[in-house]
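Please keep the sequence and the three-dimensional view side by side while reading. The paragraphs below go from one strand outward to its surroundings, and then on to other parts of the chain.

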Amino acid sequence: MDILATLNPAQRQAVETVEGPLLILAGPGSGKTRVIAHRIAYLIKVCGVSPSHIMAVTFTNKAARAMTERLEQLLGQAVEALTSGTFHAICARVLRREGKAAGLDSSFVIYDDEDQLNVIKQTLQELNLDPKQYAPRALQSAISAAKSRLISPKDYVRGVDSYFEEIVHRVYQRYQQLLSQGQAVDFDDLLMKAVQLFQDHPEVLSKYQSRYVHVLVDEFQDTNIVQYSLMKQLAGKYHNICVVGDPDQSIYSWRFADLRNILSFEKDYPDVKVVLLEQNYRSTKTILETASDIISANTRRKPKNLWTENETGSKVSIIESYNEEEEAQFVVNKIEGLISQEQMSLRDCAVMYRVNAQSRALEESFIRYGVPYKLVGGTRFYQRREVKDVIAYLRLIHNPQDNVSLPRIINIPKRGIGQTTLSQLQTWARTYDIPLYDALKQAVEGNVLSPRVTQTLAGFTVLVDRLISQSHALPLSGLLDEILEHTGYGKYILEGEQGEERWENIMELKNVAREYDGLNPEEALADFLEKVSLVADVDELEEKADAVTLITLHQSKGLEFPVVFIAGLEEGILPHRRSFGDPGEMEEERRLCYVGVTRAQKQVYLLRSYRRNLFGAGSANPPSRFLQDISPHLISTKGLWEEKAAPLAEVYGQPLTYPLSTLELKVGDYVRHSKFGDGIVTNCLAGRGDHEITVAFEEAGVKKLLLSLAPLEKIERDYDFPP
DNA sequence: CGAAAGGCTCTTTTT
DNA sequence: GAGCCTTTCG
């Protein structure tokens, strides 16, 4: 098969330019993945480059897999020697192999978000700082920001410019000590330590530089400064560096992705060639135009000229609903219609939203109507309490110095080791600057605690030590069984709330573990722990199952669906209210919307709800400003904008009305509520089919009520409230 | 030590 | 609403 035959001229240029730095600016649906796969195939087949000399970095493991599959299809054979994966996965591999040079044991564990937060809380405690005053989250973010810019605790102190930064410095310093003492790294460390390793050990770097003759980086717009440095280091010898990205799809600046990397790239490699991929193969003309309308309102961007030979297609629907339930109901009804009337299948449809909390109403509706769906994200599998507990046991066995895993499970199930004892042990550990587990053992041996506590602790160490020795002999799934049985954890879960569901999750984890049973036990455990640390939700997304996909806009990047629903196009949701004060963030919200729309091949439904309950509190949000930027000729539904909403029957295709109370109320009227007593109406908010009224009750205070639901009657009073 | 209750805050996105 | 934390009581 001719690798170049099916490519358009721009794509072909991107594939054939194999020497020197190359920047590919690829619009959505422009065949980016295809170009990458073809480029690698071209390198291997036409240029005779060995796959082992190529590194391809992707944003998710799933993208890496997709790319490899495509490549193998093209070549008609497996390509095992190719290095591919996320920056994090690749760095983890490098550090396992070379970490010794940087003082990192090869059995290091990788801490996730929650683990990090635990370490920070512990640090605050040690430093006598009040977590209310210094939010652990904020500190975590500050530390991550520093690491993303390659700033070590030592470097950080030089830039300290405020009291908060002073605190950050102190926390950062101790945090890092605790991590290295426990032979642990966090996500940012994976990248930063790799860069430092290469910096400090030129001989190691040179080995990798010689190996990787060609380096490719996908989703370049979402790389941060560390990743950029790493990429530059690796490509330092041959300069055959190809980066692919789309500034308009940059949606991870909150994770310190830095769009300036694109500018730096052009500056650092003056001989760079730039290829624009502007022909879209994914979407209809209407969808592409809609997307362009939305993104064009961003001022800090380079205009692009996206075009497509695809058909015009149907118009984009803007659907207004009364509340999120109605919104969800519309989605489900519509999908049922698409399936019965337009030969769509469930897997063709995706519902996207800004925040995970929005999935709830949607899920309820899907369940009620019995429509299969798959939820990406939410409470993620590897974040579930029971899964993390079991992993914590495994981590502790693998690395008893793990200062986060030990406190996590030391008293789960309950074995009489409470907060008091734990604190004592932690103080001990800090005093002698030793890992917690060592402190525990010393405390037992030295007999410094009460006999009862000592005995309990001794029992625990025997348990752990036995598991450790078993871990050298048993296959991984067998080790897992041992843990469940001998720690009592299995029983504890089964007898607890939602026991069966939680047990199922553990069995699911065991299924994953079983895949490692063939390896030697040490390696199996290490590989398994690494795998569970570095999986993303999208990685697990099953394409085969016929079900509707529920997914956040962020996670939808890189995917495509014939039909896309975007829920919650309201001020405060999309754009999110946190972006209101910052034009830069607002532009990112817009890009997020753009990413969502450009996922669609055939049809787009933009949903907007008049009322929305999110996080317990209800609110009435105006329609999203992004809707305003879409040219009227692209939209099918008219009039929504001018408050005279389309009647429900029209939206649903079937009559559906809200019970409109016959009670006529206006501001100043007195009412009696069966529970709250008497009060006065202070505000009326008219909705479609219902009214939200605000009542100041004499006793119960100010309440917001829905007229249709509230047990209210109008009363006559000729006097004012008592003073 | 542990269970239960109450209060509090925080609600974005995730490798 | 939920999850986290603190307080209280047995």
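How many of the six residues of strand β15 (residues 561-566) are buried? In this predicted model, six of the six are buried, so strand β15 is largely enclosed by the rest of the structure. The pairing of β15 can be followed towards two other strands. Strand β12 (residues 349-353) pairs with β15 in the parallel sense, over four bridges, and within this pairing Cys349 has Val563 of β15 as its bridge partner. Strand β16 (residues 600-609) also runs parallel to β15, to which it is joined by five bridges, and here the bridge partner of Val563 is Gln603 in β16. Val563 is thus a bridge partner of Cys349 and also of Gln603. As general background, the strands of a sheet pair through backbone hydrogen bonds, in either a parallel or an antiparallel arrangement.

Cys349 leads on to the matter of cysteines. The structure holds zero disulfides, and Cys349 accordingly takes part in none, the nearest cysteine sulfur being that of Cys593, 19 Å away. A disulfide would require two cysteine sulfur atoms within 2.5 Å. Cys349 has a relative accessible area of 0% and is therefore buried. Cys593 is likewise in no disulfide, and for Cys593 the nearest cysteine sulfur is that of Cys349, 19 Å away. With a relative accessibility of 1%, Cys593 counts as buried too.

A further sheet lies elsewhere in the chain. It is an open sheet of six strands in the order β3-β2-β6-β7-β1-β8, and its pairing is parallel. At its edges are β3 (83-86) and β8 (273-277), each of which pairs on one side only, while neighbouring strands of the sheet are turned against each other by 15° on average, direction ignored. One pairing inside this order is that of strand β6 (residues 214-217) with strand β7 (residues 241-245), which are parallel and share three bridges; in this pairing, Leu216 has Cys242 of β7 as its bridge partner.

The helices can be read in a similar way. Two packed helices are described by the angle between their axes and by the distance between those axes. Helix α6 (residues 136-148) packs against α8 at an angle of about 80°, with the axes 10 Å apart, and the two helices are therefore roughly perpendicular to each other. On the α6 side the contact is made by Ala138, Leu139, Ala142, Ile143, Ala146 and Lys147, and on the α8 side by Phe164, Ile167, Val168, Val171, Tyr172, Tyr175, Gln176 and Leu179. Divided by character, the residues of this contact of α6 with α8 are twelve nonpolar, one polar and one charged.

Helix α8 (residues 163-181) also contains Arg174. Is Arg174 buried or exposed? Its relative accessible area is 13%, so Arg174 is buried, the cut-off for that term being under 20%. If residues up to four places away in sequence are not counted, Arg174 touches Thr123, Glu126, Arg430 and Asp433. Gln183 is found in the loop between α8 and β5 (184-186), and with a relative accessible area of 17% Gln183 is buried as well. Leaving aside neighbours within four places in sequence, Gln183 is in contact with Leu104, Asp105, Phe108, Val109, Asn399 and Gln401. Val109, one of these contacts of Gln183, has its C-alpha atom 18 Å from that of Arg174, the two residues being 65 apart along the chain.

A second helix pair can be set beside the pair of α6 and α8. Helix α21 (residues 476-486) and helix α23 (residues 499-514) pack with their axes 8 Å apart and at an angle of about 150°, and are therefore roughly antiparallel to each other. Leu476, Ser477, Leu480, Asp481 and Leu484 in α21 meet Trp503, Ile506, Met507, Lys510, Ala513 and Arg514 in α23. Seven nonpolar, one polar and three charged residues make up this contact of α21 with α23.

These details belong to a chain whose secondary structure comes to 28 helices and 23 strands. Chain A has 723 residues, of which 56% count as buried. Among the contacts in chain A between residues at least 6 apart in sequence, 74% join residues at least 24 apart.

Technical notes
Residues are numbered from 1 along each chain as its sequence is written. Chains are lettered from A and ligands numbered from 1 in the order in which they are written. This is a predicted model: local features need pLDDT of at least 70, side-chain atom pairs count only at pLDDT 80 or more; totals for chains, interfaces and linings use all residues. Side-chain values use heavy atoms; hydrogens and water are left out. Two strands pair if DSSP finds at least two bridges between them. Axes are lines fitted to C-alpha atoms, for helices over the stretch in contact, and angles run from 0 to 180 degrees between N-to-C directions. Angles under 35 degrees count as roughly parallel, over 145 as roughly antiparallel, 65 to 115 as roughly perpendicular and the rest as oblique. Contact means heavy atoms within 4.5 Å. Ala, Val, Leu, Ile, Met, Phe, Trp, Tyr, Cys and Pro count as nonpolar, Asp, Glu, Lys and Arg as charged, and the others, Gly among them, as polar. Buried means under 20% relative accessible area, exposed over 50%, partly exposed in between (1.4 Å probe, protein chains only).
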